[in-house]
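Dear colleague,

I am passing on the structure we spoke of, so that you can look it over at your own pace. Below it you will find an account of what turned up when I went through it.

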Amino acid sequence: MSSKVHLGHTARKRFGQNFLTDMNIIDSIVGAISPDNDHTMVEIGPGLGALTEPVAEDVEKLTVVELDKDLVERLKTHPFLKDKLEIHQGDAMQFDFSTLKEDGKKLKVFGNLPYNISTPLMFHLFEFAEMIETMHFMLQKEVVLRLSASPGTKAYGRLTVMAQYYCQVVPVLEVPPECFAPPPKVDSAVVRLLPYEVKPYPCDDINVLSKLVTQAFGMRRKTLRNNLKSVLSDDEFAQLDIDATLRPEQISVEQFVKMANHICRK
């Protein structure tokens, strides 16, 4: 029988709120995050503090970004947390994470991300990758599968390529619906994203890569040649040693970067 945290807050559909209540899972996640004072600890969407409380116990200060004003009020008056937290009320997707950087410290970012914002929020965080040591997110399991997919699999797509361009992706643990209140209709999982100090395949212009990847996956069933004919000719594919008859999900991150750099240098 797993112990449950008591929650005196009604989850709100519009924020996609499902609150984590299983203590064993919470302990495992906190262990994965490994909070310390050598990093700036940042939680996105602390909600009712299921992760916030145990993480805050291990550190002197924890920074949180929370959109829901009611939850912010609760955190501000929380008997234990109120002295530990630096609270930013607002939308994490608009937030400038570089304002949190402290001298000589990288960020460790974590959160139980609502499904509807998880992908755009990760894309936003990738912009700050060079100041982030680790990111740990609870996501829909299907999103973790997409993040960690290999070329040639169905889950491999735009999110995979962009995430693996910036980070090493490590699935950490699966979290069944009964660990939450209310239980979501899907399985969840925790993923660890480790931004590269030195990118294995550096790109000249990230916007060109992003646009190319979006265009390539525009129609998954079509070949690279069909999807990218406006930007790359058959000769150029041959020159890059990339088979234009392949579908986008068969192309590695390295090959996507190769194409983007070729376009940049034209």
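Glu-174 is exposed, with a relative accessible area of 52%, and in this predicted model it forms a salt bridge with Lys-141, the closest N and O atoms being 3.3 Å apart. Since Glu-174 lies in strand S7 and Lys-141 in helix H5, the pair ties together parts that are 33 residues apart in sequence. Lys-141 itself, at 24% relative accessibility, counts as partly exposed.

This pair belongs to a wider set, for the count of salt bridges comes to 11. Another of them joins Lys-266 to Glu-236, with 3.1 Å between the closest N and O atoms, and it links distant parts of the chain, given that Lys-266 sits in the segment after H10 and Glu-236 in helix H9 (residues 234-240), 30 residues apart. The two partners differ in their surroundings: Lys-266 is exposed, with a relative accessible area of 57%, whereas Glu-236 is buried, at 13%. Salt bridges that share partners also join Lys-61, Glu-86 and Glu-102 into one network. In the pair of Asp-234 and Arg-225, the closest N and O atoms are 2.8 Å apart; here Asp-234 is partly exposed, with a relative accessible area of 40%, and Arg-225 is partly exposed as well, at 34%.

Turning to the aromatic residues, the structure holds 7 aromatic pairs. In one of these, the rings of Phe-97 and Phe-128 have their centres 5.7 Å apart and their planes at 65°, and because an angle over 60 degrees counts as edge-to-face, that is how the pair is classed. Phe-97 lies in the loop between strand S4 (85-89) and strand S5 (107-112), while Phe-128 lies in the loop between helix H4 (118-126) and strand S6 (132-140), so the pair ties together parts that are 31 residues apart in sequence. Both rings belong to buried residues, Phe-97 with a relative accessible area of 0% and Phe-128 with 9%. Elsewhere, ring pairs link Phe-123, Phe-126, Tyr-165 and Tyr-166 into a cluster, and Arg-158 lies over the face of Phe-123, at 4.4 Å from the ring centre.

Helix H6 (residues 158-166) deserves a look of its own: 7 of its 9 residues are buried, so the helix is largely enclosed by the rest of the structure. The buried ones are Leu-159, Thr-160, Val-161, Met-162, Ala-163, Tyr-165 and Tyr-166. What covers them includes H4, helix H5 (141-147), strand S7 (167-175), strand S9 (188-195), helix H7 (206-216) and helix H10 (253-265).

There remains the question of which residues touch the most other members of the largest nonpolar core. Of the 57 residues in that core, they are Phe-97, Phe-137, Phe-256 and Met-259, and the largest share of the core, 6 residues, comes from H6. Leaving aside its neighbours within four places in sequence, Phe-256 is in contact with Tyr-156, Val-161, Leu-209, Leu-212, Val-213, Ala-216, Phe-217, Pro-248 and Ile-251. There is also a second, separate core of 24 residues, which includes Ile-25, Val-30, Ala-50 and Leu-85.

With kind regards

How values were computed. Residues numbered from 1 in each chain as written. Predicted model: local features only at pLDDT ≥ 70, side-chain atom pairs only at ≥ 80, totals over all residues. Heavy atoms only, no water. Phe/Tyr/Trp six-rings, centres within 6.5 Å; stacked < 30°, edge-to-face > 60°. Helix = DSSP H or I, 4+ residues; strand = E, 2+ residues; numbered from the N terminus. Buried < 20%, exposed > 50% of the residue type's maximum accessible area, 1.4 Å probe, protein only. Lys NZ or Arg CZ within 6 Å of the ring centre and 35° of its normal. Contact = heavy atoms within 4.5 Å. Core = buried A, V, L, I, M, F, W, Y, C linked by side-chain atoms within 4.5 Å. Salt bridge = Lys/Arg side-chain N within 4 Å of Asp/Glu carboxyl O.
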